[in-house]
Amino acid sequence: MKDETPARARRAEPQPDPILDTSGDSAEPAFSWMTGATDAERPASDEAREPVSAESASAHSGSTVEPDGVAEAHRGTPPRGAVDAHGSTAAAGAAAPGTGKVEQPESRADRKAAEAAGEDPEASSSQESSPVFREQLPTSALQVRPPQEEVERRNAQRESAANAKPVAPRVMQVLLAIFFPLVLLILAVRAVTSPLFLWVEYNRPGFPGDGYGFSTDDRMTYGSYAVDYLSNWSGPRYLGDLVHRSGDKLFKDGEVSHMADVKLVILSTFGAGVLLVLFCLIAILYLRRRSSGGVRRGLFAGSLITLVLILGLGTLAVLGWQQFFTEFHRIFFAEGSWTFSMDDTLIRLFPGQFWIDAGMVIGGLVVVTALVTLILSWPTRRRRGLVPEKTGAAGQPADQS
């Protein structure tokens with residue numbers, strides 16, 4: 001029977017929708033050129049590829065064509081290999097035709113098996129297909145190890161640099177240890193050159209009186225003028241204009257000249273003491289930031305130096321006080337400018353016992369301060385960081401508060 005339906009009507013018939021369900025598809029590539037073959041393999045595979053008939057294609061895809069043109073989709077398991085030119089299935093991992101290389105497994109299961117065996121299919125495939133030449137064994141200069149002597153020398157230099165301590169903190173520690181005794185001596189001298197010490201001396205039992213008529217109040221009044229002159233900025237007339245009740249000058253010209261020399265030494269000493277105190281404060285602040293335990297070590301060494309210095313000076317003073325007193329004056333004053341008669345005002349106000357007591361007070365103040373500093377800076381195991389921290393039950397440091 002002849003089909004008389006017009007061609008235009010036959011063309012207008014609805015065509016079946018394409019199959020879009022991909023749930024049953026595998027991870028295998030649809031075409032052999034998507035398998036990542038090398039350039040040497042591609043011509044051979046292209047020559048081996050032949051057109052596949054509609055029947056074999058429909059049989060491979062799992063779909064059938066009905067006589068009336070309606071296609072039904074039949075889901076099936078795709079083959080594990082690729083279809084060759086004659087429609088036969090090639091096993092995964094078989095040798096490619098014309099080459100002696102083994103292709104990498106193409107299915108997901110085969111890739112996992114290859115990875116479990118220690119192989120990387122993608123890496124080997126990319127390495128084979130890459131046109132860039134890569135050496136199997138690195139020969140870069142970074143891989144060449146220097147001689148053992150050079151390695152040991154570099155390690156020794158590295159350890160020496162790591163263990164070396166900065167020079168500046170050590171210098172600060174040494175200077176702090178040297179200046180600490182001087183600061184203590186200057187502070188003790190300042191404590192003695194005060195009206196308070198005069199009052200204690202003139203009123204203590206056993207202090208010798210004046211055989212020329214000065215009472216304790218006269219001594220306290222005139223002695224306070226002399227002590228004040230040493231610490232103020234007045235000129236020699238501050239003492240030269242003082243007179244007795246009888247109208248005579250209290251201090252002779254030689255006494256005023258000597259007190260001017262003493263004032264110069266005292267003010268210079270106090271000025272140096274202020275500078276040393278400022279330097280010690282700067283050194284302490286610097287060591288607190290840059291050197292752990294540097295302040296403690298500097299003060300500890302300074303305390304030891306102070307005790308040794310006071311012990312030596314005290315021994316000299318005990319063995320010969322008069323000789324010690326004379327040599328001390330010879331250091332700071334000209335010969336003959338500091339000797340006076342027994343009836344001069346300076347000797348009546350400041351007899352020999354006064355200077356012995358002043359020396360003992362200065363030495364005592366310095367020794368006590370040095371001992372306290374020595375105890376507070378003593379290098380115990382805890383201060384040196386040798387005692388481990390106490391830990392709680394959970395391994396955390398215990399609360400030290």
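Is Ser-377 buried or exposed? Ser-377 is buried, because its relative accessible area is 4%, and buried means under 20%. I shall begin my presentation with this residue, and I should say at once that the model before you is a predicted one.

First, a brief overview. The protein has 401 residues, of which 24% count as buried. Its secondary structure consists of 15 helices and four strands. Consider next the contacts between residues with a separation of 6 or more: 66% of these join residues 24 or more positions apart. I shall discuss two places where helices meet, each with a buried residue beside it.

Let us return to Ser-377. Ser-377 is located in the segment that follows helix H15, which covers residues 352-376. A polar atom of the Ser-377 side chain lies 2.6 Å from the backbone oxygen of Thr-373. Ser-377 can also be related to a distant part of the sequence. Gly-298 is 79 residues away from Ser-377 along the chain, yet the C-alpha atoms of the two are separated by 8.9 Å.

We now turn to helix H12. Leu-299 is found in this helix. With a relative accessible area of 19%, Leu-299 is buried, since the cut-off is under 20%. What does Leu-299 touch, not counting residues up to four places away in sequence? Its partners are Leu-176, Phe-180, Thr-373 and Ser-377. Thus Ser-377, our opening residue, is in this list. In addition, the C-alpha atoms of Leu-299 and Leu-376 are 9.2 Å apart, although 77 residues separate the two in sequence.

How do the two helices themselves meet? The axes of H12, residues 294-319, and H15 come within 9 Å, and they cross at roughly 150 degrees. The two helices are therefore roughly antiparallel, as angles over 145 degrees count as such. The crossing of H12 and H15 is left-handed. On the H12 side, the contact is made by Leu-299, Phe-300, Ser-303, Leu-304, Thr-306, Leu-307 and Ile-310. On the H15 side, the contributing residues are Gly-363, Val-366, Val-367, Ala-370, Leu-371, Thr-373 and Leu-374. Sorted by class, this contact comprises 10 nonpolar residues, four polar residues and no charged residues.

The second meeting place involves helices H9 and H11. The axis of H9 and that of H11, residues 253-290, come within 8 Å and cross at roughly 50 degrees. H9 is therefore oblique to H11. The crossing here is right-handed. Which residues of H9 meet H11? They are Ala-226, Tyr-229, Leu-230 and Ser-231. Facing them in H11 are Met-259, Ala-260, Val-262, Lys-263, Ile-266 and Leu-267. The residues of this contact divide into eight nonpolar, one polar and one charged.

My final residue is Asn-232. Asn-232 is found in the loop between helix H9, residues 216-231, and helix H10, residues 237-240. Asn-232 counts as buried because its relative accessibility is 17%. The side chain of Asn-232 reaches the backbone oxygen of Asp-228 at a distance of 2.9 Å. Leaving aside neighbours within four places in sequence, Asn-232 is in contact with Tyr-238, Lys-263 and Leu-267. Lys-263 and Leu-267 also take part in the contact of H11 with H9.

To conclude, I ask you to locate both crossings in the structure: H12 with H15, which is left-handed, and H9 with H11, which is right-handed. Thank you for your attention.

Methods: Residues numbered from 1 in each chain as written. Predicted model: local features only at pLDDT ≥ 70, side-chain atom pairs only at ≥ 80, totals over all residues. Heavy atoms only, no water. Buried < 20%, exposed > 50% of the residue type's maximum accessible area, 1.4 Å probe, protein only. Polar contact = N/O pair within 3.5 Å; in protein donor to acceptor, adjacent residues only side chain to side chain. Axes fitted to C-alpha atoms, helices over the stretch in contact; angles between N-to-C directions. Parallel < 35°, antiparallel > 145°, perpendicular 65-115°, else oblique. Left-handed = near helix turned anticlockwise from the far one by under 90°. Contact = heavy atoms within 4.5 Å. Nonpolar A, V, L, I, M, F, W, Y, C, P; charged D, E, K, R; others polar.
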